[in-house]
Amino acid sequence: MLTVSILPQGWTGKQVALPYLLKSPNSKSSPHPSTLMSSCRPEVAAKLAKALQVRKVKKRYIAIVHGSLDKKCVVTSPLEEDVDGKAWFKMRLGNKGGQAAETIVIPMITTKDFTMVMVQPLTGRKHQIRVHCESLGHPLVGDKMYGMQSQQGQAYIDFVEHGWSDRLEAQLLLRRQALHCAEMVFYNSKDPSEGMEESIMYSFHTPSFPKDMLLFCLNSMKIEKESLMLAMQRHGFEHISLPS
């Protein structure tokens, strides 16, 4: 989940007494259900809430998936609840009655067994990226619900009931799914009646790459740090630094 707080210039978190909550996690009505945002200014909260409502938000993720992916993919399969799944909140590819969903997946670095990808969801359905990557045959590394060795969600149930174990580590390779929200951009709505063109209202970027994903790149994918930085720069993530 990405958590963002918007503060007036010069403020710190200690000065915020009652933030305005924009969206709560897993809200079925939200186009971005995994986003929790707050602002201490009601006028800012209103603008961002409207942008979320009309889907004037762009989110880009960096992920690591199983297998060698060598071309851009656009997945448009709808999603629905997996009523036959082992976990009650599991999702699956749906039919025409499912929720419309669209995800762009672009390889950044490809190796024999794994690929680092840039993922841009154009909609924001629950577990959208995870299900769409699985549908490509390239599930996220470390995904307990949809991963390569997740056994249709049994790995998640084992984790909840018994905690992390050596067996799960051997199955999943990471303690959590290798998915990192690197960029979130809010746009002003284009309003012809007011002569307003669409423009960026707020832009948020993560300053550093997660250490667990970095170690996986270095140790399991055998990627040099320099190659990793060049790949990020080529795909517009030049703001991200690598932890030491």
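Colleague: Which residues have the most contacts inside the largest nonpolar core?

Modeller: This is a predicted model, and its largest nonpolar core has 24 residues. Strand 4 (57-66), strand 8 (103-110), strand 9 (114-121), helix 5 (211-219) and helix 6 (225-234) each give two or more residues to this core. The residues with the most contacts inside the core are Ile62, Ile64, Met116, Phe209, Leu228 and Met232.

Colleague: And which element gives the most to this core?

Modeller: Both strands and helices are on the list of those giving two or more residues, including strand 4 and helix 6. The top contributor, with four residues, is helix 5.

Colleague: What does Met232 touch, not counting residues up to four places away in sequence?

Modeller: Met232 is among the residues with the most contacts inside the largest core. Its partners beyond four places in sequence are Ile62, Met108, Phe209, Phe237, Glu238, Ile240 and Leu242.

Colleague: How many residues are in the other core, the one lying apart?

Modeller: Tyr61, Cys73, Val105 and Cys181 are among its members. Cys73 is buried at 12% relative accessibility, and Cys181 is buried too, at 11%. The count for this other core is 13 residues.

Colleague: With cysteines in there, how many disulfides does the count come to?

Modeller: A disulfide needs two cysteine sulfur atoms within 2.5 Å. For Cys73, the closest cysteine sulfur is in Cys133, and at 9.1 Å that is too far for a bond. The count for the model is zero.

Colleague: Moving to the sheet, what is the order of the strands in the open sheet of six?

Modeller: Pairing in this sheet is antiparallel. Strand 5 (73-75) and strand 11 (200-205) each have a single partner strand, so they stand at the edges with one side lacking a neighbour in the sheet. Neighbouring strands are turned by 20° against each other on average, direction ignored. The order is 5-8-9-4-10-11.

Colleague: Strand 4 has partners on both sides, so to speak; how many bridges pair strand 4 with strand 10?

Modeller: Take strand 9 for a start: strand 4 pairs with it in the antiparallel sense over six bridges, and there Ile64 stands opposite Met116. With strand 10 the sense is antiparallel as well, and Tyr61 stands opposite Cys181. For strand 4 and strand 10, the number of bridges is seven.

Colleague: How many of the 10 residues of strand 4 are buried?

Modeller: Ile62 and Ile64 are among the residues with the most contacts inside the largest core, while Tyr61 belongs to the other core. Strand 4 is largely enclosed by the rest of the structure, because the buried number out of 10 is nine.

Colleague: Over at the edge, which residue is the bridge partner of Val185 in strand 11?

Modeller: Strand 10 (residues 179-187) and strand 11 run antiparallel and are joined by five bridges. The partner of Val185 is Ser203.

Colleague: What is the angle at which helix 6 runs to strand 8?

Modeller: Helix 6 lies across strand 4, strand 8 and strand 9. All of these strands, like helix 6, give two or more residues to the largest core. The angle to strand 8 is about 150°.

Colleague: Is Gln120 in strand 9 buried or exposed?

Modeller: Leaving out residues up to four places away in sequence, Gln120 touches Lys58, Lys59, Arg60, Glu102, Thr103 and Ile104. Its relative accessible area is 17%, and the cut-off for buried is under 20%. So Gln120 counts as buried.

Colleague: Which residues is Pro243 in contact with, leaving aside neighbours within four places in sequence?

Modeller: Pro243 lies in the segment after helix 6 and is buried, with a relative accessible area of 19%. Its C-alpha atom is separated by 9.9 Å from that of Pro207, 36 residues apart along the chain. The contacts are with Phe209, Lys211, Leu214 and Lys225.

Colleague: Last one, on helix 3 (residues 154-162): within what arc do its buried residues fall?

Modeller: The buried residues of helix 3 are Ala155, Ile157 and Asp158. Seen down the axis they line one face of the helix, because they fall within an arc of 160°.

Key: Residues are numbered from 1 along each chain as its sequence is written. This is a predicted model: local features need pLDDT of at least 70, side-chain atom pairs count only at pLDDT 80 or more; totals for chains, interfaces and linings use all residues. Side-chain values use heavy atoms; hydrogens and water are left out. Buried means under 20% relative accessible area, exposed over 50%, partly exposed in between (1.4 Å probe, protein chains only). A nonpolar core is a set of buried Ala, Val, Leu, Ile, Met, Phe, Trp, Tyr and Cys residues joined through side-chain atoms within 4.5 Å. Contact means heavy atoms within 4.5 Å. The arc is that of the directions from the helix axis to the C-beta atoms. Two strands pair if DSSP finds at least two bridges between them. Axes are lines fitted to C-alpha atoms, for helices over the stretch in contact, and angles run from 0 to 180 degrees between N-to-C directions.
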